[in-house]
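Dear colleague,

Please find below the structure that I am handing over to you. A summary of what was found in it follows.

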Amino acid sequence: MKLQDYQFCPQCGSPLQGQGSETDRRRCVAEGCSFVAWGNPTPVVAVLCIQNDAVLLAHNVTFPPGVIAPIAGFVEAGEDPAHTAKREVMEELSLNTETLELLGVFPFAHQNQVIIGYAAKVSGEVVLNEELDSYKWVALSKLKAWDFGTGAVVAALLAQRAQGRLSHLFS
Ligand SMILES: [Zn+2]
């Protein structure tokens, strides 16, 4: 459930007022309470893992068949997003991050998220955790961005690669 859909105040339990729109946010009008459901987006890290000039895309068990994407995960409270990236690479794929580069920060309004996109040069053998059930190494020459969510991270990788900025991640 999104915060802007809350029916009751999480601080005092009173019913919230307002329509939940940008100009009429759901808010608590109880005396002494000033809770407002801002509905700010959630930061999510997406990581393009690179090995031997190929990028790993994985199928999450919650995805429709055939849909693959960079690995991703939520930033924990107080966590440096760069640490989130390395942690997710280890947790989901059992790979070590040798070099990490920030590719950019992208809105994902559909999920009320902000995607923090990284490229990681990785080492080790892939072992999937329970969130994933298959993966593919896609050669850089075959990699294409898509017009949705983490596709923006792939587009950034391809654009910055073309400018020569990421040469240390590739052979
Ligand atoms: Zn309240």
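I begin with the surroundings of one helix. The buried residues of helix α2 are covered by elements that include β1, β4 (96-108) and β5 (113-123). Please bear in mind throughout that this is a predicted model.

The residues concerned are Ala152, Val153, Val154, Ala156 and Leu157, which are buried in α2. The helix itself comprises residues 151-162, 12 residues in total. From its first C-alpha to its last it reaches 17 Å, close to the 16 Å expected at 1.5 Å a residue. After α2 comes Gly164, with a positive phi near 80°.

Turning to the strands, β1 (residues 42-51) and β2 (residues 54-60) run antiparallel and are joined by 3 bridges. Within this pairing, Cys49 stands opposite Leu56 of β2. The two strands form a hairpin with 2 residues between them, and Asn52 in this hairpin adopts a positive phi near 50°. Strand β2 also pairs with strand β6 (residues 132-139), again in the antiparallel sense, over 7 bridges. There, Ala54 has Ala139 in β6 as its bridge partner.

Two loop residues deserve a separate mention. As background, most residues other than glycine have a negative phi. Ser94, although not a glycine, has a positive phi of about 65°. Ser94 is located in the loop between α1 (81-93) and β4. Is Ser94 buried or exposed? Ser94 has 14 other C-beta atoms within 10 Å, whereas a buried residue would need 20 or more and an exposed one 12 or fewer; Ser94 therefore counts as partly exposed.

The second residue is Asn112, which is likewise not a glycine and has a positive phi of about 50°. Asn112 sits in the loop between β4 and β5. With 14 C-beta neighbours inside 10 Å, Asn112 is classed as partly exposed.

Finally, a word on the overall division of the chain. Domain 1 covers residues 1-39, and domain 2 covers residues 42-164. The C-alpha centres of domain 1 and domain 2 are 34 Å apart.

When you open the model, you may wish to start from α2 and its buried residues, among them Val153 and Leu157, and then follow β2 to its antiparallel partners β1 and β6.

With kind regards

Note on methods
Residues are numbered from 1 along each chain as its sequence is written. This is a predicted model: local features need pLDDT of at least 70, side-chain atom pairs count only at pLDDT 80 or more; totals for chains, interfaces and linings use all residues. Two strands pair if DSSP finds at least two bridges between them. Helices (H or I, at least four residues) and strands (E, at least two) are DSSP runs, numbered from the N terminus. The expected span of a helix is 1.5 Å times one less than its number of residues. Two residues are in contact if their C-beta atoms, placed from the backbone, lie within 7 Å. Domain bounds come from an automatic or database domain assignment.
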